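Reader: Hello! I work at the bench and would love a close look at a single part of this protein. Could you take me through it step by step?

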Amino acid sequence: MSRDELRQALAARTEEVAAVVEALETEAFSRGRADQWSPAHHLDHLTRSHKVLAMALSMPRDRFGWGTRPVGTPGQAYDTLRDEYLRRLREQGVKATGRFVPQPHGAQYEQLDQYRQSVDLLAHHLMAYVNEAELDTATLPHPVLGELSVREMLLFTLYHNEHHLRGLTAQEPL
């Protein structure tokens with residue numbers, strides 16, 4: 001996928017998430033427990049994740065853990081990233097930590113607006129700060145999957161939204 005295709009896919013996934021959130025009753029949006037995130041927790045976690053990635057994309061390449069890969073290094077496909085992430089969740093019991101731990105606050109529509117703004121910021125920073133070649137040669141650290149190219153990080157972000165979309169609707173632990 002090109003930069004523009006990644007941006008478009010993220011916009012489409014965002015609208016899927018937004019449609020589910022908009023359809024939820026206010027009480028259902030906030031219902032959750034310590035061991036089972038509410039839809040509000042899922043949405044806040046995604047918002048936080050998008051903001052961190054957007055910030056990283058705008059940083060000078062000698063900061064925030066940026067690395068490089070040789071030109072021509074094959075990248076991982078969406079399915080491979082998804083499967084490895086799910087394997088690590090299952091085998092290692094990975095949980096959100098630090099700045100990724102959700103702390104939702106505000107009304108449902110405000111949280112949805114913050115989510116959309118985080119995606120807009122991510123898309124803007126992708127288009128403004130990353131050229132097509134850097135999608136495969138520039139790398140960033142992922143807290144679960146390790147070093148990923150920018151393209152892989154964005155493919156993971158697409159899956160991450162899909163993963164938490166299920167959490168928005170299922171109300172079951174993921």
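What follows is a walk around one helix and its neighbours. Please centre it on helix 7 (residues 150-170). Which residues of helix 7 make the contact with helix 4, and what do the aromatic rings do there?

Author: Happy to! One thing to keep in mind from the start is that this is a predicted model.

Let's begin with the partner you asked about. Helix 4 covers residues 78-92 and helix 7 residues 150-170, and the two pack with their axes 9 Å apart at an angle of about 60°. An angle like that makes helix 4 and helix 7 oblique to each other. The crossing of helix 4 past helix 7 is right-handed. On the helix 4 side, the contact is made by Tyr78, Leu81, Arg82, Tyr85, Leu86 and Leu89. Helix 7 contributes Glu152, Leu155, Phe156, Leu158, Tyr159, His160, Glu162 and His163. Sorted by class, the residues in this contact of helix 4 with helix 7 are nine nonpolar, two polar and three charged.

Now for the rings. Tyr78, Tyr85, Phe156 and Tyr159 form one aromatic cluster, and the structure holds three aromatic pairs. In one of them, the ring centres of Tyr78 and Tyr159 are 6.2 Å apart and the planes stand at 75°, so this pair is edge-to-face. Because Tyr78 belongs to helix 4 and Tyr159 to helix 7, the pair ties together parts that are 81 residues apart in sequence. How accessible is each partner of this pair? Tyr78 is partly exposed, with a relative accessible area of 21%, while Tyr159 has 1% and counts as buried.

Tyr159 also pairs with Tyr85: here the centres are 6.1 Å apart and the planes are at 70°, so this pair is edge-to-face too. Tyr85 sits in helix 4 and Tyr159 in helix 7, so the link joins parts that are 74 residues apart in sequence. Both Tyr85 and Tyr159 are buried.

Next along helix 7 comes His160. His160 has a relative accessible area of 6%, so it is buried. Setting aside neighbours within four places in sequence, His160 is in contact with His45, Leu46, Ser49 and Tyr85. Tyr85 is therefore a name to remember: the Tyr85 ring pairs with the ring of Tyr159, edge-to-face, and Tyr85 also touches His160.

Ser49, another contact of His160, takes us to helix 3 (residues 39-58). Ser49 has 14% relative accessibility and counts as buried. Apart from neighbours within four places in sequence, Ser49 is in contact with Phe100 and His160. Ser49 can also be placed against Asn161 of helix 7: the two are 112 residues apart in sequence, yet their C-alpha atoms are 9.9 Å apart in space.

Asn161 leads on to another partner, helix 1, since Asn161 is among the helix 7 residues that meet it. The axes of helix 1 and helix 7 come within 10 Å and cross at roughly 10°. These two helices are therefore roughly parallel to each other. From helix 1, the residues involved are Leu6, Ala9, Leu10, Arg13, Glu16, Val17, Val20 and Val21. They meet Arg151, Leu154, Leu155, Thr157, Leu158, Tyr159, Asn161, Glu162, Leu165, Leu168 and Thr169 of helix 7. This contact of helix 1 with helix 7 has 12 nonpolar, three polar and four charged residues. Notice Tyr159 in that list: Tyr159 is also part of the contact with helix 4.

One last step outward shows what else helix 1 packs against. The axes of helix 1 (residues 3-23) and helix 5 come within 10 Å and cross at roughly 175°, so helix 1 and helix 5 are roughly antiparallel to each other. The helix 1 side of this contact includes Leu6, Leu10, Arg13, Val17 and Val21, and these residues also meet helix 7. On the helix 5 side, Val119 is one of the residues in the contact. Val119 lies in helix 5, residues 108-129, and is buried at 4% relative accessibility. Beyond residues up to four places away in sequence, Val119 touches Leu10, Thr14 and His50.

Technical notes:
Residues are numbered from 1 along each chain as its sequence is written. This is a predicted model: local features need pLDDT of at least 70, side-chain atom pairs count only at pLDDT 80 or more; totals for chains, interfaces and linings use all residues. Side-chain values use heavy atoms; hydrogens and water are left out. Axes are lines fitted to C-alpha atoms, for helices over the stretch in contact, and angles run from 0 to 180 degrees between N-to-C directions. Helices (H or I, at least four residues) and strands (E, at least two) are DSSP runs, numbered from the N terminus. Angles under 35 degrees count as roughly parallel, over 145 as roughly antiparallel, 65 to 115 as roughly perpendicular and the rest as oblique. A crossing is left-handed if the near helix is turned anticlockwise from the far one by less than a right angle, and right-handed if clockwise. Contact means heavy atoms within 4.5 Å. Ala, Val, Leu, Ile, Met, Phe, Trp, Tyr, Cys and Pro count as nonpolar, Asp, Glu, Lys and Arg as charged, and the others, Gly among them, as polar. Buried means under 20% relative accessible area, exposed over 50%, partly exposed in between (1.4 Å probe, protein chains only). Rings of Phe, Tyr and Trp (its six-membered ring) pair if their centres lie within 6.5 Å; planes under 30 degrees apart count as stacked, over 60 as edge-to-face and the rest as tilted.
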